[in-house]
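The following exercises concern the placement and surroundings of selected residues. Please study the sequence and the structure before reading each solution.

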Amino acid sequence: MQPIIYDVAVSIDGFICGPGGDISRFAQEGPVIADYSARLEGYATAIMGRATYEFGYRFGMEPGQNPYPHMRTIVVSKSLDLPESAEVDLQPACDLALIEAMRSLSPGPIYLCGPGSQRTLVNRSGARLGRQGRLGDAGAGHGLPHPRTSWLAPVPQRQ
């Protein structure tokens, strides 16, 4: 059974993005991004919700395109409309059966993307949920707060 890793950027004041999904105050290059890119290479499967997937459209990603071509990517949504040629797998719900299937069938660790509800279900499933983080050196001030729970806390960037 493969581990599921929640890997997320966090501003120094505890936000995963600013208002309206603004990520301009997060590092876009340098050691933080190099470390994140290296970690991405270690994942075999990615899972995310519709909003996280559609966030990529802001950066030129096309509907159906896989944001992580070296991984199998699962997008959980009942409303997302993708072309038949989509490079991602669309699932209508993230339930315990999907989580167990991912953990059993994935050839490597699973990257849990975004702040969506899948995170809560994975935690409740009993799956061992790992965590990674990228602590930004700038504050977002306000926006979408990082979930503050006992099973997930910001992890400082390795120096």
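**Exercise 1.** In this predicted model, determine in which helix Phe 55 lies and whether Phe 55 counts as buried, partly exposed or exposed.

*Solution.* Step 1: Phe 55 belongs to helix α2. Step 2: the relative accessibility of Phe 55 is 25%. Buried means under 20% and exposed means over 50%, with partly exposed in between; therefore Phe 55 counts as partly exposed. Step 3: when neighbours within four places in sequence are left aside, Phe 55 is in contact with Gly 21 and Ile 23. Step 4: the C-alpha atoms of Phe 55 and Gly 114 are 9.8 Å apart, although 59 residues separate the two along the chain.

**Exercise 2.** Describe the place of Asn 66 and the polar atoms found around its side chain.

*Solution.* Step 1: Asn 66 is located in the loop between α2 (50-55) and β4 (72-76). Step 2: its relative accessible area is 6%, and buried means under 20%, so Asn 66 is buried. Step 3: a polar atom of the Asn 66 side chain lies 2.8 Å from the backbone nitrogen of Tyr 68, and a polar atom of that side chain lies 2.9 Å from the backbone oxygen of Met 71.

**Exercise 3.** Identify the residues with the most contacts inside the largest nonpolar core.

*Solution.* Step 1: this core has 16 residues. Step 2: those with the most contacts inside it are Leu 40, Tyr 53, Tyr 68, Met 71 and Tyr 111. Step 3: α1 (31-40) and β3 (45-49) are the elements that give two or more residues to this core.

How values were computed: Residues numbered from 1 in each chain as written. Predicted model: local features only at pLDDT ≥ 70, side-chain atom pairs only at ≥ 80, totals over all residues. Heavy atoms only, no water. Helix = DSSP H or I, 4+ residues; strand = E, 2+ residues; numbered from the N terminus. Buried < 20%, exposed > 50% of the residue type's maximum accessible area, 1.4 Å probe, protein only. Polar contact = N/O pair within 3.5 Å; in protein donor to acceptor, adjacent residues only side chain to side chain. Core = buried A, V, L, I, M, F, W, Y, C linked by side-chain atoms within 4.5 Å. Contact = heavy atoms within 4.5 Å.
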